[in-house]
Amino acid sequence: MTYSHEVEQMCVVKKGPNHGPAPIPEEGKWVQSKEIVDISGLTHGIGWCAPQQGACKLTLNVKQGIIQEALVETIGCSGMTHSAAMAAEILPGKTILEALNTDLVCDAINTAMRELFLQIVYGRTQSAFSEGGLIIGAGLEDLGKGLRSQVGTLYGTLAKGPRYLEMAEGYIKNIYLDKNDEICGYEFVHMGKFMDEIKKGTDANEALKKVTGTYGRVTPEQGAVKHIDPRHE
């Protein structure tokens, strides 16, 4: 250690009590974290790229400083899906400090990693007060049985009004209008379940019927006057 001349000439003044860092909540415990291995928790975060043309939702499950599980969800840019493929392979096995300083290719994914790092080391994880934390695999629960991201794609113009294209239930096949031409319901196709049926060998038309559902008022008795294809009408 090299000291400046001014510091060398100083007399020693002893420090008072040192109680260490403030404890943070981690998986049902209060932890004074001093090393990366002291950090555990599951949490989510959002990142965005500099031109703001894409975003990433990142979910990490960290145990004793090491990422055990990573869910990478992206939207808005085609290239970032390939970056997400690399990130899903890169992140597990790294400490959160290593991951913070790893080029995850896509700026939105890098930013998400930064935001998660801050949450985790400050004790702001979703599992902060869950005794023992969450099991490896908990990250997939957000995706549901179809193992697809919850995506909302809604579009509207002043001239022609709103169009529902994709919602939590799935791909929007039709939107139903009442007598005032206002949306009162919609018909959807659950794409994850649809592909599962196809993989099981179900005829495509039969599979489509099985996974198609409705929400809201969709019959004349309920006040629906007509329906339109939101993509073509």
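An open sheet of three strands, in the order β3-β4-β5 with antiparallel pairing, is a good place to start. Its edge strands, each pairing on one side only, are β3 (41-48) and β5 (66-75). This is a predicted model, in which local features need pLDDT of at least 70, side-chain atom pairs count only at pLDDT 80 or more, and totals for chains, interfaces and linings use all residues. Residues are numbered from 1 along each chain as its sequence is written, and side-chain values use heavy atoms, with hydrogens and water left out.

**The sheet**
- Strands (E, at least two residues) and helices (H or I, at least four residues) are DSSP runs, numbered from the N terminus; two strands pair if DSSP finds at least two bridges between them.
- Eight bridges join β3 to β4 (residues 55-63) in the antiparallel sense.
- I46 has K57 of β4 opposite.

**Helices on the sheet**
- Helix α2 (residues 79-90) lies across β4 and β5, and runs at about 170 degrees to β5.
- Helix α4 (residues 107-121) also packs on the sheet, where it touches β3, β4 and β5, with its direction at about 140 degrees to that of β3.
- Those angles run from 0 to 180 degrees between N-to-C directions, using axes fitted as lines to C-alpha atoms, for helices over the stretch in contact; contact means heavy atoms within 4.5 Å.

**Nonpolar cores**
- A nonpolar core here is a set of buried Ala, Val, Leu, Ile, Met, Phe, Trp, Tyr and Cys residues joined through side-chain atoms within 4.5 Å, where buried means under 20% relative accessible area (1.4 Å probe, protein chains only).
- The largest one has 24 residues, and L58, L60, L91, I96, I109 and M113 have the most contacts inside it.
- At least two residues of this core come from each of β4, β5, α2, α3 (96-100) and α4, and α4 gives the most, with seven.
- Beyond its neighbours within four places in sequence, L91 is in contact with L58, L60, I67, A70, A99, L104 and M113.
- Another core, of six residues, lies apart from it; I175, L177, F188 and I228 are among them.

**Cysteines**
- How many disulfides (pairs of cysteine sulfur atoms within 2.5 Å) turn up in a search of the whole structure? The search finds zero.
- C49 is in no disulfide, and the nearest cysteine sulfur, in C106, is 6.4 Å away; C49 is buried, at a relative accessible area of 9%.
- For C56, the closest cysteine sulfur is also in C106, and at 6.6 Å it is too far for a bond; C56 is buried too, at 1% relative accessible area.

How values were computed:
Disulfide = S-S within 2.5 Å. Buried < 20%, exposed > 50% of the residue type's maximum accessible area, 1.4 Å probe, protein only.
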